[in-house]
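I sat down with this one to jot notes as I went. Here is what I looked up, roughly in the order I looked.

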Amino acid sequence: MSRPIITLLTDFGTADCYVAELKGVLYSIAGDVEIVDASHDIPPQDVELGRLTLARYWRRYPIGTVHLVVVDPGVGSARAAIAVQAEGQYVVGPDNGVLSPALLSNGARAVWLGVPNSASPTFHGRDVFGPVAARLAGGDPLDAVGTSFHDPVIRRTPDATRLPDGRIQGQVIAVDHFGNAVTNLIGHVGASVELDVHRLEIVRTYADVPSGALCALVGSSGLVEISQRNGSAAVALRLSRGSTVHLRQPR
């Protein structure tokens, strides 16, 4: 029988002891569990990037996997702590929208988690979410770790809009480690992306343009990305989340 899996997504970084403390709790309660570090490099308090990152990977794990997400600027406040069961998997974390990818699944169920009196008001990852994730990985059912919760916070990626001139207006929703600017546009090879004075044809791969050249392509998420081969498009074009971009279909 395979070991239960717990994935970790946090904004803790790795310079401090927080990840080690969290793992200590998980191993102490769940025992022989496999812990996968999805990322600890979400920028501090960046709930939106946490949401988008979780959306990329959570469905790709085996049934029964527990995904622990701690990007929690409201830690210790009145925001709820929740666990979600969706598509045969579990997601545990704060109710601030970061768990939206699971909450938006058909049939998703959420429960409210109580906060022990002994929990630190600044470290719910260790004292609230971690123990619940470990219990779920150990086989406890969702209803054993909390009570029904029916009004979770849900965040959605903004929709692109069609303009009178036929272009589709979208925006940058994330910038990755390589400086690729991921947009909310859906396009294909032959279309083009426009921003300021630049018009970039959508190509199939980075290798379709010379080193240093700017381009657009359909990334592995299925969304249009603005890139620079062997460079950072975000730096070269001063792009950040919310920057406006336009898609023009070929005539």
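What percentage of the residues in the protein is buried? I get 49% of 251 residues. Note to self: this is a predicted model.

**Overall**

I counted secondary structure next, and the protein comes to 5 helices and 15 strands. The C-alpha trace spans about 60 × 40 × 35 Å along its principal axes. For the surface I have about 12,300 Å² exposed, with 51% of that supplied by carbon and sulfur atoms. I also checked contacts with a separation of 6 or more: 65% of them are between residues 24 or more positions apart.

**The sheet**

I traced an open sheet of 7 strands, in the order β2-β1-β3-β5-β4-β6-β7, and its pairing is mixed. At the edges I find β2 and β7 (147–148), each of which pairs on one side only. Strands β1 and β3 run parallel and are joined by 5 bridges. I looked up one residue there: Leu8 has Leu68 of β3 as its bridge partner. Helix α1 packs on this sheet, where it touches β1, β2 and β3, and its direction makes about 150° with that of β2.

**Helix α2**

Then I turned to α2, which lies across β1, β2, β3 and β5 and runs at about 155° to β1. Is α2 mostly covered or mostly open? Mostly covered, I find: 8 of the 11 residues in 47–57 are buried. The buried ones are Val47, Glu48, Leu49, Gly50, Arg51, Leu52, Leu54 and Tyr57. I note that Glu48 and Arg51 are on that list. The cover over these residues includes β1 (5–10), β2 (34–39), β3 (66–70) and β5 (89–94), along with α3 (100–103) and β9 (168–175).

**Cores**

Which residues touch the most other members of the largest nonpolar core? I wrote down Leu26, Leu68, Val92 and Leu113, out of 29 residues. Two or more residues each come from β1, α1 (18–30), β3, β4 (81–86), β5 and α4 (124–137). The largest share is from α4, with 7 residues. I followed Leu68 further: leaving out residues up to four places away in sequence, Leu68 touches Ile6, Thr7, Leu8, Leu9, Leu22, Leu26, Val92, Phe129, Gly130 and Ala133. So that I don't mix them up, I also logged a second, separate core of 24 residues, with Trp58, Val91, Ala110 and Val182 among them.

**Aromatics**

How many aromatic pairs are there? I count 4. One of them is Phe12 with Tyr18, edge-to-face, at 6.1 Å centre to centre and 70° between the planes. Tyr18 also pairs edge-to-face with Phe123, at 5.7 Å and 85°. This second pair links distant parts of the chain, since Tyr18 is in helix α1 and Phe123 is in the loop between β6 (109–112) and α4, 105 residues apart. Together, Phe12, Tyr18 and Phe123 form one aromatic cluster.

Why does Phe12 count as buried but Tyr18 as partly exposed? The cut-off for buried is under 20% relative accessible area. Phe12 has 16%, so Phe12 is buried. Tyr18 has 37% and therefore counts as partly exposed. With 9%, Phe123 is buried too.

Terms used. Residues are numbered from 1 along each chain as its sequence is written. This is a predicted model: local features need pLDDT of at least 70, side-chain atom pairs count only at pLDDT 80 or more; totals for chains, interfaces and linings use all residues. Side-chain values use heavy atoms; hydrogens and water are left out. Buried means under 20% relative accessible area, exposed over 50%, partly exposed in between (1.4 Å probe, protein chains only). Helices (H or I, at least four residues) and strands (E, at least two) are DSSP runs, numbered from the N terminus. Contact means heavy atoms within 4.5 Å. A nonpolar core is a set of buried Ala, Val, Leu, Ile, Met, Phe, Trp, Tyr and Cys residues joined through side-chain atoms within 4.5 Å. Two strands pair if DSSP finds at least two bridges between them. Axes are lines fitted to C-alpha atoms, for helices over the stretch in contact, and angles run from 0 to 180 degrees between N-to-C directions. Accessible areas come from the Shrake-Rupley method with a 1.4 Å probe; for residues, only the protein chains shown count as cover. Rings of Phe, Tyr and Trp (its six-membered ring) pair if their centres lie within 6.5 Å; planes under 30 degrees apart count as stacked, over 60 as edge-to-face and the rest as tilted.
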